[in-house]
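Q: Please take a close look at one part of this model. I would like the salt bridges examined in detail, with the surrounding fold as context.

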Amino acid sequence: MLRNLHVKNLALIEEEEVSFGPSLNILSGETGAGKSILIGSIHLALGGKAPRELLRENAEYALVELTFSVGEEQQRELEAMDIFAEDGQILMTRKIMRSGRSVCRINSETVSAALMQRVASLLIDIHGQYEHQTLLAKKNHMRYLDAYAKKELGDRPSLLADAYRDYTECRRRLEEASLDREQQQRELAFLEYEIREIEEAQLLPGEDEELEAQFRRFSHGRKILEAAAACREYTADGSANAADSTGRGVRALLDVAEYDEQAAALAEQLQEIDSLLSDFSRDLASYQDGLDFSDEIFTATGERLDQINHLKSKYGKTIAEILEQKAAKEAEVEKLSNYDAYRRQLEENLAQAEERLKAISGEVSAIRRSAADVFTKEIKQALQALNFQDVRLEMEFHRLDHYTANGWDEARFLISTNPGEAIKPLDAVASGGELSRIMLALKTVLAENDEIETLIFDEIDSGISGRTAQMVAEKMKVTATDHQVICITHLPQIAAMADTHFLIEKTSDASSTISRIRRLDREESIAELARMLGGVKITEAVMENAREMKKLADAVRTYSL
């Protein structure tokens, strides 16, 4: 259940906090007061798109926080996503920066917008102002059926998607293997040429790195020789070399070592330096003797590097990658050399994949058809409670001539809303107001078969009035006995049913316009009903009508409980 909503710096809202109640929460107010902004803020907190234009002018960021209480089943599903409730609650936060960057958090831990949306799908169902239009697209009808039959379907939808993925991959491989004999021979000859080219190079792992180091050394051979000679001059061979100077220093200190312990210690240190210099001189001489910068070796090194780099340009960035390519090409040669057997294996793989896909598609289709009978029956009952007295509703199935990730089914709702009318697709029959009621019926049926506790309806009353509006209000009230319902409405019949009633008001001064929301007590709720009934001038008769409407709503409340 949605316990609390905190919004800051979003559109007309400066900073507001709303504590929702259980059962039916009604939000009402004048057109343009900011009702839909409030619902939009919930969309944002649940991972929806966050355009910078939503930020209040001069605000550096906008913030939306939602606090949910979650039941045991929801906690288990959340824990499967590594999200753990704290004291039975989770806090979902979205912060939107002026720069366009946004940060999503659940219980103070940063998460992706995609994860926010997954969590939201467990906790809340939002019906937007124009969502009933989705009923006109038959591709959505099976999605609603699958949501209804979720428990019966179990993990079959994911198994079906996996089987379809395997099937399409097997088909792709078989289609790519459609070479005639002449193509096979050309491909085989080319592969053998490439393998031979790599083999003849006799590459050794790490060889290129050694050659590059050697080439770099040879490129600077003169400089290296000159540096080594200069170093030897300074340390061993010159008239004032370091070795001779250090030896004289040692002898000088040894002459006085017997008179002073500190001089003796220094003489010992210098003797170690003298010894190190002698070792260094021998190593330097050996290094010089080993220096060989012949033009022949230099030329051979460059040619070998050119050969390796040519292979790298064709087969990989490193010798390891080139050798991997060789192994892959050898496998391809093996395949082409036994091409008929290879194709037979691919055909067998495809047949097995199609058999698995066919089996799971059949299972899913059977469950759907069985569930559709019950689903449409329950929707029909809900529609009758919404003033569709002679409604007929069915679900028509058509088997596709190909597979999809959803199997082979194509399904759509068929409806007749008047006696004597033939049953037809929704888009050929239903008006805007009828679509709103059909969607409400569908949502309430789905809610009764789901663990989602919170339902939000943003102006579900589109296109309805009179007796129908009253029946919609009563249906929403009944739904709110088992679920938390949050509803934005312009209809007093629906607003009268409120267990908790909020008024959204817009105030302006010379510098800004701000939307505020406040909870109404009973008398304030009646006054708001009078405004919704009477328009600009609220007379005593209108107030009396509002009181009567509230009493009638109390009777519905008592009846539904």
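A: What follows covers the salt bridges, then the open sheet, then the overall form.

The model is predicted. The structure holds 28 salt bridges. Side chains of opposite charge can pair when their charged atoms come close. A few of the pairs are taken up here in turn.

Start with Arg368. Arg368 forms a salt bridge with Asp146. Their closest N and O atoms are 2.9 Å apart. Arg368 sits in helix α14, residues 339-384, and Asp146 in helix α4, residues 141-148, so this pair ties together parts that are 222 residues apart in sequence. Are these two residues buried or exposed? Both Arg368 and Asp146 are buried.

Arg368 also meets the side chain of Asp409 in a salt bridge, at 3.3 Å from N to O. This pair too links distant parts of the chain. Asp409 belongs to strand β10, residues 407-416, while Arg368 belongs to helix α14. The two are 41 residues apart.

Now the accessibility values. Arg368 has a relative accessible area of 2%. Asp409 has 4% relative accessibility. Buried means under 20% relative accessible area, so Arg368 counts as buried at its 2%, and Asp409 counts as buried at its 4%. Arg368 thus has salt bridges to Asp146 and to Asp409.

Arg165 and Asp162 give a local pair. They form a salt bridge with the closest N and O atoms 2.1 Å apart. Both lie in helix α6, residues 156-176. They are three residues apart, about one turn of the helix. Asp162 is partly exposed, with a relative accessible area of 36%.

One group goes beyond a pair. Glu30, Glu528 and Arg531 are linked in a network of salt bridges.

Next, the sheet. Six strands form an open sheet, in the order β2-β1-β4-β5-β6-β7. The pairing is antiparallel. Which strands stand at the edges? They are β2 (13-19) and β7 (109-111). Each has a single partner strand, so one side of each is left without a neighbour in the sheet. On average, neighbouring strands of this sheet are turned by 15° against each other, direction ignored.

Strands of a sheet pair through backbone hydrogen bonds, either parallel or antiparallel. Within this sheet, β1 (residues 2-10) and β4 (residues 61-69) pair in the antiparallel sense over six bridges. His6 has Glu65 in β4 as its bridge partner.

A helix lies across part of the sheet. Helix α1, residues 35-45, lies across β1, β2, β4 and β5 (89-97). The helix runs at about 100° to β1.

Finally, the whole protein. It has 19 helices and 15 strands. How does its radius of gyration stand against that of a compact globule? For 561 residues such a globule would have a radius near 24 Å, but the protein has 41 Å. Its C-alpha trace spans about 125 × 85 × 45 Å along the principal axes.

Of the 561 residues, 44% count as buried. The protein exposes about 30100 Å². Carbon and sulfur atoms supply 48% of that area. Among contacts with a separation of 6 or more, residues 24 or more positions apart account for 71%.

Conventions:
Residues are numbered from 1 along each chain as its sequence is written. This is a predicted model: local features need pLDDT of at least 70, side-chain atom pairs count only at pLDDT 80 or more; totals for chains, interfaces and linings use all residues. Side-chain values use heavy atoms; hydrogens and water are left out. Two strands pair if DSSP finds at least two bridges between them. Helices (H or I, at least four residues) and strands (E, at least two) are DSSP runs, numbered from the N terminus. Axes are lines fitted to C-alpha atoms, for helices over the stretch in contact, and angles run from 0 to 180 degrees between N-to-C directions. Contact means heavy atoms within 4.5 Å. The radius of gyration is taken over C-alpha atoms; the globule rule is 2.2 Å times the number of residues to the power 0.38. Buried means under 20% relative accessible area, exposed over 50%, partly exposed in between (1.4 Å probe, protein chains only). Accessible areas come from the Shrake-Rupley method with a 1.4 Å probe; for residues, only the protein chains shown count as cover. A salt bridge is a side-chain nitrogen of Lys or Arg within 4 Å of a carboxyl oxygen of Asp or Glu.
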